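Colleague: I would like to learn how to read the features of a model. Can you take me through one, starting with a sheet?

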Amino acid sequence: MLVQSVTMPGIRSATSRRAFTFLEVLACLLVVGLGLASVVAMVYFGIVKSQKTMAASTAMVTAMTVAVDVRPFLAPDVALTWNIDPRYNFDDTTSLMLTQKAQGFINGYLVERIESTTKADVVAVDTPPGGGNPVVYARSVLVKVSVYTQLNGPIIASFNTRFVRQRSSP
Amino acid sequence: MNRPGFTMIELLVSIALATVLTAVCISAFQQGVANIKRTEAKVRMHANAQTVYAYMEHSLSSLMQDTAIVTASTQSTGPGTGDVTLIFMHGKEDETDWIWLLGQTYQNSDLQWEIWKWTAATQQLSVGTSSNNRCFTVTSSFKPDGYNDYLNQTFLNVDQPRRTLSATNPYLDLDSNVYFPTSATPGATVSAASTGDIGDWTDLNTNRLPVLTSVSDFAFQLVDCDATYTTIDDTATTLNEIDGCWLDGRIATATASAAAPNYQFPVMYPDTQTYFPQSAFAHRPRLLRVRFTLTDAASAASQTFSFSFALPGLSGVLPPDQSP
């Protein structure tokens, strides 16, 4: 019996189906590549955002640490990065505001510490009784600490504090 | 048949492009996953470090300024195998905050001994606080008035912030049960430690629980007011004990005797150079520096944290390079 093939309207037969051209395949690969690149970019965007979140978590306590201590107990690999300006003269009896700057890496951050001091208490202690050269016994201190993610990076935390520093020996 | 299709070259080029794309994406994905794990580990480390900071800040901000302090470290078979210990007392003792009941006065105190201990073998940092009172039973005959024997009687004794500890074994001195210490007499030990005691060395260690794991390194520095400092880490076996002192600066040392107690007032006339340096406070710890390293084995990430805490008391630690 002769079976007649039936062709549905709108459907081409296998023999007449047209294959993809090379150009179409390349275009398809380009689209797929762009899609994958977008996914990868989003992943990295998420990582960067997470890192920024991480950066903010201990930045403030790091600033508070450096505010009270100009020379923290650093790991050996970052200790050499810690740079402190030459000491100021504790015994300066003028009313000048003396400053000292320290900078270095700590806890994964770049930290800058600026300390400004002025005389707060001057006592004549050299030759008792009631004479001698005046010696500064205490200095009023203002400390400002700024925390950055990296060199020339954005500031992520800042802390200011004031205290009185007393001399520990004559 | 004349069916349209790829030539061999086109097919090879297509496969090559698809392979390169797949390889690049897989590589980027793997790097992304590794970075995510590393970032996750770092975030966890920073969170843990902040927890340690908050815990330590809470304890040290209420540090009893006149407390005795014990630092110890051991090194068993080389660096990274020992442990580091810090013991101090925090809280407050308010002599005016008392209650009167049935003819007796009761002093209120929330003083607690606190121990921080890092053990290299387990990489654990643990913290413990003692009970806020000391309760002990007299285990041997004790007749302070010559008549009544307090044997087998139990006493509640508030913690004393100024406790002079033995340099040879200060830990066991925390077990000494002192009977009614006064300002004139530091007090007499009336009973050895027993298992039922509350607030003693055993009690302190029973309450010690780990607060952090994967701590691969831990060390601290105690900085005195005169900027001298002591480093305590596990590179050497050390044991240091800093006696407590009275709030007015008096201090008792091992050379004290009943005839000449040396917890007298120091010379503190402002017109002499002994105004401050001779004060006991000049040689009290003023700053605590802590350094520890957290590691994550899965992502091979590590981060070293450094924190400093200003201890209560007179201000004025000069940095070492500013020491006169």
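Colleague: What is the strand order in the open sheet of four strands in chain B?

Modeller: Strands of a sheet pair through backbone hydrogen bonds, parallel or antiparallel. In this predicted model, the open sheet of chain B has the order 13-12-15-16, with antiparallel pairing.

Colleague: Which are the edge strands?

Modeller: Look for strands that pair on one side only. Here they are strand 13 (229-232) and strand 16 (301-310) of chain B. Neighbouring strands of this sheet are turned by 15° against each other on average, direction ignored.

Colleague: Which helix packs on the sheet?

Modeller: Helix 1 of chain B does, touching strand 15 and strand 16 of chain B. The helix direction makes about 20° with that of strand 16 of chain B.

Colleague: How many bridges join strand 15 and strand 16 of chain B?

Modeller: The antiparallel pairing of strand 15 (residues 285-296) and strand 16 of chain B runs over 10 bridges. For a register point, take Arg291(B), which stands opposite Ser306(B) in strand 16 of chain B.

Colleague: Back to helix 1 of chain B. Why does a span of 78 Å agree with its 54 residues?

Modeller: Each residue adds 1.5 Å, so the 54 residues of helix 1 (residues 8-61) of chain B should span 80 Å. The end C-alpha atoms are 78 Å apart, which agrees.

Colleague: Which residues of helix 1 of chain B are buried?

Modeller: Among them are Thr39(B), Met45(B), Val52(B), Tyr53(B) and Met56(B). Polar residues appear too, including Lys42(B), His46(B) and Asn48(B).

Colleague: Now chain A. In what order do its elements run?

Modeller: Read from the N terminus: α-α-α-β-β-β-β-β. That is three helices and five strands. Buried residues make up 24% of the 170 residues in chain A.

Colleague: How do strand 4 and strand 5 of chain A pair, parallel or antiparallel?

Modeller: Strand 4 (residues 134-148) and strand 5 (residues 155-166) of chain A pair in the antiparallel sense, over 11 bridges. Ala138(A) has Gln166(A) as its bridge partner in strand 5 of chain A. The hairpin has six residues between the strands, and Asn152(A) there takes a positive phi near 60°.

Colleague: Which residues touch the most other members of the largest nonpolar core?

Modeller: Of its 59 residues, Ala63(A), Ala67(A) and Val145(A) do. Helix 2 (residues 59-68) of chain A gives the largest share of this core, seven residues. Not counting residues up to four places away in sequence, Ala67(A) touches Val143(A), Val145(A), Phe159(A) and Thr161(A).

Conventions: Residues are numbered from 1 along each chain as its sequence is written. Chains are lettered from A and ligands numbered from 1 in the order in which they are written. This is a predicted model: local features need pLDDT of at least 70, side-chain atom pairs count only at pLDDT 80 or more; totals for chains, interfaces and linings use all residues. Helices (H or I, at least four residues) and strands (E, at least two) are DSSP runs, numbered from the N terminus. A residue is buried if 20 or more other C-beta atoms lie within 10 Å of its own, exposed if 12 or fewer, and partly exposed in between; C-beta atoms are placed from the backbone. The expected span of a helix is 1.5 Å times one less than its number of residues. Two strands pair if DSSP finds at least two bridges between them. Axes are lines fitted to C-alpha atoms, for helices over the stretch in contact, and angles run from 0 to 180 degrees between N-to-C directions. Two residues are in contact if their C-beta atoms, placed from the backbone, lie within 7 Å. A nonpolar core is a set of buried Ala, Val, Leu, Ile, Met, Phe, Trp, Tyr and Cys residues joined through C-beta atoms within 7 Å.
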